[in-house]
Each structure stands twice: as structure tokens, then as C-alpha cells.
Amino acid sequence: MDLRIKSFEDYKQIYNESVQDPEKFWSNVADQFHWKKSWDKVLEWNFAEPFIKWFNGGQLNITENMLDVHLDNSGDKIAFYWEPNDPEAHDTNITYKDLYHKVCKAANALKSLGIKKGDRVCIYMPMTLEAIVSIIACARIGAVHSIVFAGFSSNALADRINDASAKLVITADGLHRGSKQVPLKEMTDIALLNCTSVEHVIVLDCIHSKPEMKEGRDLDYHTLIANMHNECEAETMESEDPLFILYTSGSTGKPKGVVHSCAGFMIYTAYSFQNVFQYEEGDVFWCTADIGWITGHSYIVYGPLLSGASSVLFEGVPTYPDASRFWQICDKYKVNQFYTAPTAIRALMAHGLDYVNNCNLNSLKVIGSVGEPINEEAWNWYYKNIGKNNCSIVDTWWQTETGGIMLSGLGNLSPMKPTHAGYPLPGIQAVLLDEEGSEITKNEKEGLLCIKFPWPSIIRTTYGDHERCRITYFSDYKNYYFTGDGAKRDKDGMYRIIGRVDDVINVSGHRFGTAEIEDAINTNKYAIESAVVGFPHAIKGQGIYAFVVSESDGSADSDELVESIMGSVIEGIGKIAKPDKVLIVPGLPKTRSGKIMRRILRKIAEGEKSEFGDISTLLNPDVVKAIADKA
Ligand code: PRX
């Protein structure tokens with residue numbers, strides 16, 4: 001199945017066609033897949049509810065398109081090259097045929113535990129082949145997977161299990177991350193003290209820590225799978241049946257479960273994968289994301305397998321054993337398309353060129369960036385030192401909610417410009433709106449990035465709360481999907497993402513709501529009130545700055561208090577959300593109606609000491625100076 005556009009001229013024409021007749025465009029793409037039954041209607045939609053149905057009436061199973069269809073001609077082709085955390089440990093490859101049988105066995109194991117179509121399965125696993133197998137096994141039997149990034153804490157895991165009422169958790173005894181280990185099973189046990197929906201826990205032996213197994217509930221992964229049959233018929237799914245839930249943060253409240261559906265997600269991830277990366281038969285693709293984030297879902301698991309690609313799956317981190325690990329892996333597997341995040345690029349850049357120059361990197365053709373704006377310095381470094389001035393950089397803008405890449409260059413076809421994501425993919429009707437909600441038609445203007453027509457992998461709902469989906473994405477600007485990002489179009493119509501315009505902060509490409517971090521801080525017994533803002537950070541893109549009003553004023557600034565508050569965030573969310581700075585303050589600047597003036601706190605976090613504009617209307621103007629003096 002070759003879905004690739006072959007030139008920039010073709011792109012322009014295809015883009016126009018896709019806008020003029022989206023139904024024709026997407027049904028031509030959909031025709032390339034294997035369906036159990038063809039659809040009745042290509043698209044029905046309104047953004048008011050929202051109500052979005054792509055390929056309604058169609059029946060399929062996405063895993064047949066990821067595995068079964070490749071068996072005859074490419075059964076022996078490598079699906080994944082698995083590279084362990086420890087470079088001295090044993091690496092393994094898995095062919096499409098092996099993956100198929102392993103998935104079938106795991107699918108039968110899930111069935112043996114009573115898991116059926118529609119049930120939710122939580123996956124809290126390291127970057128292993130068994131994690132990939134577990135994900136696909138869920139999809140094989142129509143169970144809805146909810147992957148929780150293995151860097152989240154027990155509390156965060158429990159929240160996600162409870163929100164989805166997951167019946168089963170698949171985890172591991174622990175994981176390796178560089179020189180450290182994380183005890184996942186122990187963390188799962190703690191989470192499950194507060195979860196009643198879970199009937200079983202499947203535990204993969206990964207770090208040989210022999211965790212305690214609860215009789216009747218916990219099962220060893222390999223023992224369970226061992227005697228299962230290696231064929232499992234794929235469940236018949238309706239196009240719009242949910243494929244998975246993935247939790248993501250927003251401006252308000254707890255993270256919400258973004259729901260993606262079977263057919264639309266399948267079509268868009270394959271289409272965007274092949275076009276953005278220009279993957280050619282025989283190439284080796286490597287996306288360094290974790291399967292716990294949307295990038296891992298779309299471009300480690302679904303997009304590449306749907307396209308019959310060979311990919312690298314890496315268990316470890318970019319700096320272990322040293323900062324040349326990424327580049328050594330690129331050489332080892334002769335990676336052709338490499339996809340990572342700006343934070344990794346900046347971190348490796350800081351280690352110096354010696355780590356790059358001892359590697360060859362001449363297999364690379366396309367190098368990608370995702371998750372946050374890439375600054376010009378990092379872009380240039382990446383282009384010159386990794387791409388050797390010879391590879392396309394694809395700066396891909398998208399979101400958990402969009403399911404796939406929305407704005408990006410197409411590898412080696414499109415013009416590139418540092419810090420600019422580029423043009424919308426075919427089928428993506430991106431617009432910029434002004435504050436009043438009118439479309440900005442001129443170029444060289446900045447506005448709010450919205451999408452005015454559905455694409456196949458658009459979010460369908462937020463799990464268990466459709467109204468929240470409507471309010472969050474479809475209510476600010478009538479008849480538009482609002483992304484939460486600000487963007488600018490240059491004179492040629494290329495988009496440059498400026499960043500979030502809401503209370504979402506992006507730390508090393510990980511997305512957090514300020515409210516979510518404040519909630520975690522406020523569980524601390526010393527905290528009375530808090531406000532969290534993002535601030536520019538050289539490696540992480542944004543850092544987390546927490547202003548906390550504390551009860552214990554005497555020893556208020558003690559390291560202990562700050563440590564304790566950081567500990568509450570680690571407990572509530574995970575180490576990934578640990579604030580870079582906690583400042584104990586006498587109060588928070590508020591308007592007379594009691595609203596926290598984050599604008600002022602942002603300035604203070606950026607280092608401003610005195611220029612705060614007019615603060616006379618604040619309820620407590622004096623507090624601003626007091627905070628700025630302490631910062
Ligand atoms: O602000 C944008 C930023 O990441 C947000 C989406 O985060 P998440 O749902 O976690 O998905 C990340 C991976 C797809 C966006 O609203 N973002 C993502 N990609 C880019 C980006 N900002 C600038 N440039 C990008 N290429």
C-alpha cells in the first residue's frame with residue numbers, strides 16, 4: 001500500500017483536491033485498506049455536539065491491516081528491531097509473522113481472562129516488544145487500550161484506571177531507564193489499593209525483581225501466554241468503535257481520556273506516516289517516543305505497522321551509557337528516518353559534538369521533530385550535525401487529540417524553514433482566527449490555530465464525558481476545532497507554532513495543566529494555595545515554576561518544605577512533573593474578583609523584577625514586590 005505523494009507540485013494539487021472534495025479524497029485512501037465490510041457513508045459530522053462519523057457502516061479490524069495483510073509477502077520482514085537499555089544486553093528482532101502469532105497468543109490470553117470487545121485494558125509498561133504485543137492484542141479482540149506512561153506515579157495511574165474502569169492492567173515487575181530502575185509492579189499495587197474495577201494484573205518479568213504476586217489476581221505474562229493458541233480471529237469492529245483512550249492534560253481539571261476510533265485512526269496514521277517520513281520499502285524507521293504518549297501510539301505502533309515498515313524500538317534513554325547512544329543506534333540499524341523531540345536534541349547538543357562525530361549517520365534521509373517548538377539553534381544543529389546538511393527536517397505539529405501529524409513538511413519534498421512546521425497535510429483545513437473568531441486570511445499574521453473541517457483521526461469524545469469534549473475543543477469558536485495553540489503564517493503560507501495560549505505547559509514535550517500541578521501541590525499539608533506557571537528553559541523548552549503560599553511561615557523557605565512540596569507533585573503526577581523551582585510566597589497576586597494574575601507570575605518566573613504594568617487594580621498590589629524580591 002503506497003499512499004505517498006511524490007513531489008511538492010503533487011502535494012499542492014492533492015491538497016486542493018482534498019479540500020474541494022474531502023469525501024472523495026479520503027474514500028480513495030480508505031480503499032487501500034482491508035475491510036470486512038465496506039462503509040455506507042464516508043462522513044457525517046457537526047462540530048456543535050460534536051458528532052463525527054467517518055466511514056460509518058464499515059467493518060474492519062485494524063490489526064488485520066497491521067499484520068495479516070503483510071503475512072503472505074512480507075511475513076519474514078522485520079517489524080521491530082528491539083534495542084535494550086543496556087547496549088551489552090541481548091537485542092532481539094521480531095518478524096511480522098512472529099509478531100502476528102505473539103499477538104494472537106496474547107489476544108487469546110486476554111480472552112481467557114474474560115476480556116471482551118469494549119472492555120478497557122490499562123497498559124503500564126516499559127518499552128518492550130511485549131508492550132507492543134499487548135497493545136495490538138487488545139485491538140485484535142476489540143478491547144480498548146488505555147496506555148499510561150510508565151513515568152506516571154501510582155496516584156496518576158489510579159486516576160486513569162478509575163476513569164476508564166479498566167478491568168485488567170498489564171504491567172512489568174519494573175523497567176530500566178539508564179542506570180536506574182523503576183518498580184512498576186510495586187507502583188501498580190499501590191494504585192490498585194484505590195481501584196475496584198481491576199480483576200487481573202498481568203506482570204511481565206523485565207528486571208527479574210520477583211515482585212509479590214497477589215493470589216487470584218496477578219499472573220505472570222509468559223506463563224499465561226505459553227499455552228495459548230497462536231491464531232486468534234480478529235473481532236469485527238464498526239468504523240466508529242473506540243480503538244483506544246489516551247489521557248492528556250488540559251487547562252482545567254484532571255487529565256481527560258481522549259478517545260480515538262478504529263477506522264479513522266487507521267487511515268490517518270498510515271497516510272501521515274508514509275507521507276511525512278516518505279517511508280520507502282526497505283527503509284528502517286525510528287521514533288524515539290515512549291508508547292505512553294500519542295507519538296508512540298501513532299508512529300511506533302500503528303502508522304509503521306499499517307505500512308508494513310521495519311522500525312527500531314528502544315528501551316532506554318538518549319544519554320545512557322553516554323550521549324552518543326541515539327547516533328550509535330542509528331548506525332547499528334542503518335536508520336533512514338529518525339523522529340525525536342527538541343528537548344532530546346537540545347540535551348544532546350549540550351554534550352558536544354564528540355558524541356556525534358564518532359558516528360557515521362549516513363543512512364539518514366529524513367529527521368523529524370515533535371512535541372514542542374524547535375528553536376532555531378537546535379534546528380540548525382540538528383540539520384548540520386545529524387542530517388549532515390543532507391536530510392529533510394520534518395517539524396511535525398500535532399496533538400493527542402488530532403491522532404496524527406497535521407502540519408509538517410513532507411520528507412525531502414517540501415521547502416523547509418527553521419522553526420516552521422510548514423504546510424497542512426492533505427485533508428487538513430487549518431486556519432488562524434483572531435480573538436473575535438474571524439478567520440485571518442492574510443499571511444504574515446499571528447492568530448489562534450483552528451481546524452475547520454474534520455479529518456479521519458480527530459478526537460471523537462472525552463471518555464465518559466462528551467460535554468467536556470465539546471466545551472474544551474468546540475465551544476470557543478463556533479464550527480471550529482480549537483487547538484489551544486497560537487501560530488503565525490509567513491509570507492508563503494508556512495505555519496510557525498508559537499505555543500499554547502491556554503494554561504497548558506509543555507515540559508520536555510510532556511504536556512501538563514497548571515491546575516493539575518497545583519492540585520498535587522495543594523495536597524501537601526503545608527500548602528495553603530499555589531499557582532504554577534511555565535518559564536523558558538534551555539533544555540526542556542519550558543520549566544515549571546510553582547509559587548506556594550505556605551502555612552509554616554517560620555521555617556517557610558527551608559529546603560525541607562520545598563522538598564516536601566516537590567514530593568507531593570512526584571506523588572500526585574510523577575517525577576516528570578517535578579517543579580524546577582518552588583518559591584514560598586506570602587500571597588498570590590489577585591484581581592478583586594479573586595482571580596490569580598498569572599501574567600504577573602509569568603513575568604516574575606522569567607526574571608522580571610519591577611516592570612509589571614498597572615497593578616493598582618489588584619486586590620493586593622504589595623504582594624507583587626514581595627514575590628519579585630524573593631524570586
Ligand atoms: O503546543 C503544541 C505542542 O504540543 C501540544 C500537543 O501536545 P501532546 O498532545 O502531548 O502531543 C505531543 C505530540 C504530538 C500542541 O498543542 N506541539 C506538538 N508538536 C509541536 C508542538 N509545538 C510546536 N511545534 C511542534 N512541532
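Pro321 is found in the loop that runs between strand 17 (310-314) and helix 11. The peptide bond leading into Pro321 from Tyr320 is cis, with omega near -5 degrees. This report starts from that loop and proceeds to other backbone features, the nonpolar cores, selected helices and residues, and finally the ligand. The structure is a predicted model.

## Backbone features

A cis peptide bond also joins Glu49 and Pro50, with omega of about -5 degrees. Pro50 belongs to the loop between strand 1 (41-46) and strand 2 (51-56).

Several residues take a positive phi angle. Lys334 does so although it is a residue other than glycine, and Leu361 is likewise not a glycine. Two glycines with positive phi come just after helices: Gly308 follows helix 10, and Gly352 follows helix 12. The table lists these residues with their angles.

| Residue | Phi | Place |
|---|---|---|
| Gly308 | about 70 degrees | just after helix 10 |
| Lys334 | near 50 degrees | loop between helix 11 and strand 18 |
| Gly352 | about 95 degrees | just after helix 12 |
| Leu361 | about 65 degrees | loop between helix 13 (354-357) and strand 19 |

Are Lys334 and Leu361 buried or exposed? Lys334 has a relative accessibility of 56% and therefore counts as exposed, because the term applies to values over 50%. Leu361 has a relative accessible area of 2% and is therefore buried, since buried means under 20%.

## Nonpolar cores

In soluble globular proteins, nonpolar side chains tend to be buried together. In this model, the largest nonpolar core contains 167 residues. The residues with the most contacts inside this core are Trp35, Phe80, Leu99, Phe277, Val301 and Tyr302. Helix 9 (residues 262-277) contributes the largest share of the core, namely 11 residues. Another core, of 31 residues, lies apart from the largest one and includes Val284, Phe314, Tyr333 and Met349.

Which residues does Phe277 touch, not counting residues up to four places away in sequence? On that basis, the contacts of Phe277 are Ser272, Phe285, Tyr299, Gln337, Tyr339, Val366, Val394 and Ile405.

## Covered helices

Helix 10 is mostly covered, with 13 of its 13 residues buried. For helix 12 (residues 342-350), seven of the nine residues are buried, so this helix is largely enclosed by the rest of the structure. The buried residues of helix 12 are Pro342, Thr343, Ala344, Ile345, Arg346, Leu348 and Met349. Their cover includes helix 11 (325-333), strand 18 (337-340), strand 19 (366-370), helix 14 (376-386) and strand 29 (541-550).

## Two buried residues: Ala158 and Lys167

Ala158 is part of helix 6 (residues 154-164). Ala158 has a relative accessible area of 5% and is therefore buried. Leaving aside residues up to four places away in sequence, Ala158 touches Ala191 and Cys195. Ala158 and Lys97 are 61 residues apart along the chain, and their C-alpha atoms are separated by 35 Å.

Lys167 is placed in the loop between helix 6 and strand 8 (168-172). Is Lys167 buried or exposed? Its relative accessibility is 18%, so Lys167 counts as buried. The side chain of Lys167 makes a polar contact of 3.1 Å with the side chain of Asp119. With residues up to four places away in sequence not counted, Lys167 touches Asp119 and others, including Gly114, Ile115, Lys116, Arg120 and His200.

## The ligand and its surroundings

How many residues are around the ligand, and which come nearest? There are 17 residues around the ligand, and Thr396, Thr400, Asp485, Arg500 and Arg511 come nearest. The shell divides into six nonpolar, six polar and five charged residues. Helix 10 (294-306), strand 20 (392-396) and strand 25 (495-500) each supply at least two residues of this shell.

Individual distances between polar atoms add detail to this picture. A nitrogen atom of the ligand is 2.8 Å from an N or O atom in the side chain of Asp395. A ligand nitrogen atom is also 3.4 Å from a polar backbone atom of Pro373. An oxygen atom of the ligand is 2.8 Å from an N or O atom in the side chain of Arg500. Taken alone, the ligand exposes 540 Å², and the protein buries 95% of that area.

Technical notes: Residues numbered from 1 in each chain as written. Predicted model: local features only at pLDDT ≥ 70, side-chain atom pairs only at ≥ 80, totals over all residues. Heavy atoms only, no water. Near = heavy atom within 4 Å. Polar contact = N/O pair within 3.5 Å; in protein donor to acceptor, adjacent residues only side chain to side chain. Areas by Shrake-Rupley, 256 points an atom, 1.4 Å probe, with all protein chains shown as cover. Helix = DSSP H or I, 4+ residues; strand = E, 2+ residues; numbered from the N terminus. Nonpolar A, V, L, I, M, F, W, Y, C, P; charged D, E, K, R; others polar. Core = buried A, V, L, I, M, F, W, Y, C linked by side-chain atoms within 4.5 Å. Buried < 20%, exposed > 50% of the residue type's maximum accessible area, 1.4 Å probe, protein only. Contact = heavy atoms within 4.5 Å.
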